[in-house]
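Work through the two exercises below with the sequence and the model open, and try each task before reading its solution.

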Amino acid sequence: MKRLVYCLFVMIAFAMNLAAQDVHSYAKPSAVRVKHVDLDWDVLFDQKILKGTATLTVERSSQTEPLIVDTRDLKIERVETSTNGVEYAPGTFTVGTSDKILGAPLTIPLPAGATRVRIHYSTSPGASGLQWLAPAQTAGKKDPFMFTQSQAIHARSWIPLQDTPAVRVTYNARVRTPRNLLAVMSAENDARTPRDGDYSFRMRQPIPSYLIALAVGDLRFRSLGPRTGVYAEPQVIDRAARELNDTEKMVVATERLYGLYRWGRYDILVLPPSFPFGGMENPRLTFATPTILAGDKSLVSLVAHELAHSWSGNLVTNATWRDFWLNEGFTVYLEGRIQEAVYGRARAQMEAALGLRELQDEMATLEDRDEILHVDLAGRDPDEGFTNVPYQKGALFLVHVEQTFGRPRFDRFLRSYFNHFAFQSITTEQFLTYLKQNLLDKDPALAARVPIDEWISKPGLPASAPKPTSPAFARVEEQAQRWLRNEIPPTQIPLARWTTQERLHFLKFVQSALEPPPSSGGPAGTQLSHTERVRLMGELDRAFNLTRSGNSEVVFQWLMMSIQNKYEPASARLEEFLLSVGRRKFIRPLYQELAKTPEGRERALAIYRRARPTYHPIAVTSIDQDLNWPGQ
Ligand code: BES
Ligand code: ZN
């Protein structure tokens, strides 16, 4: 019996240890942990490589174990080690076999007393975390551009390091570029630095590897407030500055809710359109897609989101990618609160309702295992687990706790949570323990109303989940119905007076009327003929010129509908969009939708063949898979 208990204990301890281990890194930080990185590169546009050194300062708990870092497609030239950071001696290294998802471990034996390791290396032109843009892919068309995207596990394709969010490092960097270009990093950037092709950076706060970022191009800076500003190409900078001029207000609003902004400056870099994401919360310097520049600030919730990560994600960080919902669920929740504070409750409600709808639509297509917040990603590429679940389900969970305990209590809890775990990387278990001790256990009667385990470990949504709705959307639906029932002409739909969010809801609502989803169980007779659907699409297009809309979210929705209803007049616009925008959230569903019919698939492949060389490696990997692109 005693033995059995002991065995059980060992098994549980082993399982817990496994849970703490990051399955997406070869590093063993419990033996040797990197604390600081000094980077030095030449940015070689003609060869599409970074070439230079990474000098890692380590803390050793074991005096015998080697340093193991992650790499992917790096060319390691030589390594040196040092005991004092002044004299370096040649060292040995081995590069293990390369795994398709994880890349290859680089193992460096450490001599007695060695605390520094310098790695001389260069990246490969196909590095998954870098994109090299030809001048034609920029707004200026004259100079090349490059940028990095490290999340989730792409930092290892441009820096040999312990590429797990459980390890935090400070860093310094020196970057040499062509003389007329500017380099910026997720660090202290001096906007007035002379443009001489030689730039230095310092990040004094410890950050996980996925937040190390660099961009180089013909960039200008515009101040937006005392500690906020924007970088963009000269052709874009005015538009960007106008669109983003509520940024300072957002920082103030977030500080009021969750405590001081701890990173000094908050700048935004507006990238060329091939940037594969909406935004990336690189500390001190959010990277953003130009597709948020709608002209009316209607898409700036993206800034609220990336800014919110300065608390949820960059300050308190997911320890492994299975804890990703701690980053994104909290951030979507904070984003809603910032939107409410800056733009009012109606706007926040609309955005929450759109979020719920997106979650429900996507969950209808997901396997159970991908609907779980504490998702098991062992053996999988973390980029694959990228769905609305960690975002929207994660946020709904927090809304549920908020509504149950009341805002004042929940706000106090969140503030103390961010302070308690500041500059730490934590697991879902650590969050749950903290939640239990600091909120749930203080009021067991209220706690009993939130099915924590169901939220965290089960697929789907609990029956008691909040269902955000928007009164404005109810009015939109009424107008849409009146038009669909032929009671008013399309010109009487007040679309011009609606916000972007109302327009998006209108389009989604119309689409579900044109083509009721199979699950809606409506009588088969409600299906409209193809001719009728095209006629209705044409009416809307003539009334509101949707095919030419300059709002990326609206035009994306419209193009999806155009594919679904085979509305030909939008087909040139579809091609133009797919050839000029690289944001994965837009282009991936468009290709997927096209590929549902044989003719559509032909068209998708023809466009993709031309567009693929302009897309980011991360977008290419996803779309190659979706389209079964030859060679995959
Ligand atoms: N950190 C994410 C982007 C990300 C996640 C990149 C995982 C790579 C792997 C960023 O904060 C984000 O969530 N961006 C969203 C926009 C946001 C408003 C929901 C995006 O890019 O769509
Ligand atoms: Zn995010």
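**Exercise 1: the lining of a pocket**

Task: in this predicted model, describe the lining of the second largest pocket, starting from the residues nearest its centre.

Solution. Begin at the middle: the second largest pocket is lined by 34 residues, and those lying nearest its centre are Pro-273, Pro-290, Thr-291, Ser-580 and Val-581. Next, look for the helices that take part, and you will find that helix H15 (552-564) and helix H16 (571-580) each supply at least two residues of this lining, with H16 giving the most, namely 5 residues. Then sort the lining by class, which yields 16 nonpolar, 12 polar and 6 charged residues. Finally, the volume of this pocket comes to about 650 Å³.

**Exercise 2: the two sides of a helix**

Task: check the length of helix H8 (residues 407-420), then decide how its buried residues are arranged around the axis.

Solution. Start with the length: at 1.5 Å a residue, the 14 residues of H8 should span 20 Å, and the end C-alpha atoms are 19 Å apart, which agrees. Now list the buried residues of H8, which are Phe-410, Asp-411, Phe-413, Leu-414, Tyr-417 and Phe-418. Because these residues cover an arc of only 160° around the axis, they lie on the same side of H8. The general rule behind this is that an α-helix has 3.6 residues a turn, so residues three or four places apart point the same way. Turning to the face away from the buried side, one finds the exposed residues Pro-408 and Arg-412. As a last step, identify the packing partners of the buried residues of H8, among them helix H3 (247-258), helix H5 (324-343) and strand E21 (424-426).

Key: Residues numbered from 1 in each chain as written. Chains lettered and ligands numbered in written order. Predicted model: local features only at pLDDT ≥ 70, side-chain atom pairs only at ≥ 80, totals over all residues. Heavy atoms only, no water. 1 Å grid on protein atoms, 1.4 Å probe; cavity = no way out; pocket = protein on both sides within 12 Å on 5 of 7 lines; lining within 4 Å. Points joined across faces, edges and corners; volume = space filled by probe spheres on them. Helix = DSSP H or I, 4+ residues; strand = E, 2+ residues; numbered from the N terminus. Nonpolar A, V, L, I, M, F, W, Y, C, P; charged D, E, K, R; others polar. Expected span 1.5 Å × (residues − 1). Buried < 20%, exposed > 50% of the residue type's maximum accessible area, 1.4 Å probe, protein only. Arc of directions from axis to C-beta. Contact = heavy atoms within 4.5 Å.
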